[in-house]
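The following exercises ask the reader to examine a protein structure step by step. Each task is followed by a worked solution.

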Amino acid sequence: MKRINLLSPRLANQIAAGEVVERPASVVKELLENSIDSGANKVDLEIDQGGVKLIRIRDNGGGITKEDLPLALSRHATSKIIELEDLEAVATLGFRGEALASISSVSRLTLTSRQPGNESAWQVQTEGREMDAVIAPAAHPEGTSVEVRDLFFNTPARRKFLKTEKTEFKHLDEVVKRQALGRFDVAFQLRHNGKVIHQLRQADSEIERERRIASVCGSAFVDNAMKVDMEASASGLRLWGWIGMPTFSRSQADLQYFFVNGRIIRDKVVSHAVRQAYQDVLYHGRHPAYVLYLELDPALVDVNVHPTKHEVRFRESRLVHDFLFRTIHRVIADARPDEQVVAQSTPAGALNSPAGLVPEQGGVAPINFEQGRMSLSSAPRPSARGVNEQIGQYAALHPDVAAAEQGPTGMSGFAGAHESVNDFAPLNTSIASAEMPAENAEHCPPLGYAVAQLHGVYILAQNAQGMVVVDMHAAHERIVYERMKKAYETEVVRSQPLLVPLSMAVSEREADCADEQQETFRRLGFELARMGQETLVIRQVPVALAKGNVEQLVRDVLSDMLVHGISQRIENHINELLATMACHGAVRANRQLTVTEMNALLRDMEMTERSGQCNHGRPTWTQLSMADLDKLFMRGQ
């Protein structure tokens, strides 16, 4: 074996640079974090050739003293932490003290700084194998500039792994966008090859913040976003930001920004909570869009997990998961058509006057909400016990229905649906002749009043903004589904004892988890008993899942609990059965509805949670404003 040698400072820094400096975007990220931590409220970036030839960052922060300049380019030298207690509650973006030393070892780096009140600035560079710091006076305004030239000039193997200039700048631009979203109080300017790419001013007001988000994420996101602002005073957690409507979903997870105390992070607890919150309203294979900010005590989150600081570890991950899920889930559920109509239509001042909204005699008569709401169903709403029994019967007849119904159900399948579940919310034809007094146009409900039915599939309605088109099956499907869920939740889940208890081999860790979560399983209708160190016995299962693969479900639930501290797989399986039954029980295509029935459906939609999407995540209605219609017919041109 060879003798042990002490590595030179340059080689040690180059090894560290392998973790910290992956590409020009990595350099920009580290330098931007330093500028923000210095208290700067303005940062200018100049980039040449995607950052390979030149990266120059100038800020107006607090600067660095002449005495500290040599230390700034040394490894493990930082002003942000001193003791272990500081590391356990990091409140700054940077803290490791490795970035500048690593960057200077693989490039030609020059750092110039001037503190407020000082008459002159000083400049530092590193030279030679030992990376000795050389200090010289310089001319510079208050603040700090870092110039990085010829990245990876002395490590040609690393330079070969770089992509094209366009690709490298794309990664670098994404880093700037993330920092711009993370700190609204800082102005950013980005130039590439002499061309201004971004000119972002400080955003102190709500309008200015939305304007910055529109410039980074696109105006379509802001137009289709819902505001989130929830605080849990007991746990000290606060979540605020913007989440996209379910109809504004993406084919890729490319518009997802989550910040913890101002730091952009990627975390499986966060992503799982958001997916769960959108699960009931998102079309299969689509991804939600969001810009969210979580604020909590720095002592409750560990940021010293990875050199890039993209990953964190929450000390109370289950608490954070539950808070995120409940907050986002409630915002989505509370979204009503009146809010979405505004998002989908042009400003009221640009609309034509909605004259003639109130129908004349013999036309469509609206429903008077002040005197009472017409109900779409003449039969009593499903009771909890009735839904339990229906689930058991339906699951027994169709044990594979949960897997079979994963994809969207087409209109062609409605006519052959099972009639046994068609009585959950039958349409009442006897109310067609009911007297419904007219209302003024200014009190028009969000989805307006029905005027016609198109090919037995769509309802055409008129509201203050223009025309609303409703998919009547999808809308009724969501209404029935939400009613069934509420009815099911009012009663304890009914369980069925197994004639022969099912024994399953698990790991000791999973068995311990099952012991700790006995009450959770019991509430969900399961009875588990531990028969050995690595053996569990299932004695009771929910009636709705008696015909399913119970053993695999229990294993998946235990896996979720071990990773996320919580699992919703059992509820999801039951909801899949309820969604299928609601789909079969909803009004079918080619069913001719009276005007009264159509209006009753519209009113139910306005009062139902998540009514903007059906159970499969497809939209239930869309708005065409008068301006949109005028464009189609070139009116006013």
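The structure shown is a predicted model.

**Exercise 1. Helix α11**

Task: State which residues of helix α11 are buried, and compare the reach of the helix with its expected span.

Solution.
Step 1. In α11, the buried residues are V320, H321, F323, L324, F325, T327, I328, V331, I332 and A333.
Step 2. Helix α11 runs over residues 317-334 and has 18 residues.
Step 3. From the first C-alpha to the last, α11 reaches 26 Å, which is close to the 26 Å expected at 1.5 Å a residue.

**Exercise 2. Helix α2 and the residue after it**

Task: Determine how the length of α2 compares with expectation, and decide whether α2 is largely enclosed or open to the surroundings.

Solution.
Step 1. Helix α2 covers residues 24-37, which makes 14 residues.
Step 2. The distance from its first C-alpha to its last is 20 Å, close to the 20 Å expected at 1.5 Å a residue.
Step 3. A residue is called buried when its relative accessible area is under 20%. Among the residues of α2 that are buried are P24, A25, V27, V28, L31, L32 and I36. The charged residues K29, E30 and E33 of α2 are also buried.
Step 4. Because 12 of the 14 residues of α2 are buried, the helix is largely enclosed by the rest of the structure.
Step 5. Just after α2 comes G39, which takes a positive phi of about 90 degrees.

**Exercise 3. Three salt bridges**

Task: For the salt bridges of R23, R149 and R522, identify each partner and describe where the residues stand.

Solution.
Step 1. A salt bridge requires a side-chain nitrogen of Lys or Arg within 4 Å of a carboxyl oxygen of Asp or Glu. A search of the whole structure finds 28 salt bridges.
Step 2. R23 pairs with E168, and their closest N and O atoms are 3.0 Å apart. The pair links distant parts of the chain: R23 lies in the loop between α1 and α2, while E168 belongs to helix α7 (residues 165-182), 145 residues apart. Both R23 and E168 are buried.
Step 3. R149 meets E147 in a salt bridge at 2.9 Å, N to O. R149 is partly exposed, with a relative accessible area of 30%. E147 also counts as partly exposed, at 21% relative accessibility.
Step 4. R522 forms a salt bridge with E519, with the closest N and O atoms 3.0 Å apart. Because R522 and E519 are 3 residues apart in helix α17 (residues 518-523), about one helical turn separates them.
Step 5. The boundary between partly exposed and exposed is 50% relative accessible area. At 49%, R522 therefore counts as partly exposed, whereas E519, at 54%, counts as exposed.

**Exercise 4. Positive phi and a network**

Task: Locate D150 and R610, and state whether each is buried or partly exposed.

Solution.
Step 1. Most residues other than glycine have a negative phi.
Step 2. D150 has a positive phi, near 50 degrees. D150 lies in the loop between β6 (143-149) and α6 (156-160). Its relative accessible area is 25%, so D150 is partly exposed.
Step 3. R610 also has a positive phi, near 55 degrees. R610 lies in the loop between α20 (595-607) and β22 (621-625). With a relative accessible area of 4%, R610 is buried.
Step 4. R610 takes part in a network of salt bridges that also links D280, R330, D334, R478, E482 and E609.

**Exercise 5. Surface patches and a distant pair**

Task: Name the residues of the nonpolar patch and of the negative patch, and then describe the position of V563.

Solution.
Step 1. The nonpolar surface patch consists of L7, L11 and I15, which together have about 270 Å² of accessible area.
Step 2. L11 belongs to helix α1 (residues 9-20). L11 is partly exposed, with a relative accessible area of 37%.
Step 3. The negative surface patch is formed by E83, E85, D86 and E88. Of these, E83 lies in the loop between α3 (69-72) and α4 (84-87).
Step 4. V563 is found in helix α18 (residues 550-564). At 39% relative accessibility, V563 counts as partly exposed.
Step 5. V563 and V269 are 294 residues apart along the chain, and their C-alpha atoms are separated by 8.3 Å.

Methods: Residues are numbered from 1 along each chain as its sequence is written. This is a predicted model: local features need pLDDT of at least 70, side-chain atom pairs count only at pLDDT 80 or more; totals for chains, interfaces and linings use all residues. Side-chain values use heavy atoms; hydrogens and water are left out. Patches are made of residues with over 30% relative accessible area and no salt bridge: like charges are joined within 9 Å, nonpolar side chains (Val, Leu, Ile, Met, Phe, Trp, Tyr) within 5 Å. Accessible areas come from the Shrake-Rupley method with a 1.4 Å probe; for residues, only the protein chains shown count as cover. The place of a charge is taken as NZ of Lys, CZ of Arg, CG of Asp or CD of Glu. Helices (H or I, at least four residues) and strands (E, at least two) are DSSP runs, numbered from the N terminus. The expected span of a helix is 1.5 Å times one less than its number of residues. Buried means under 20% relative accessible area, exposed over 50%, partly exposed in between (1.4 Å probe, protein chains only).
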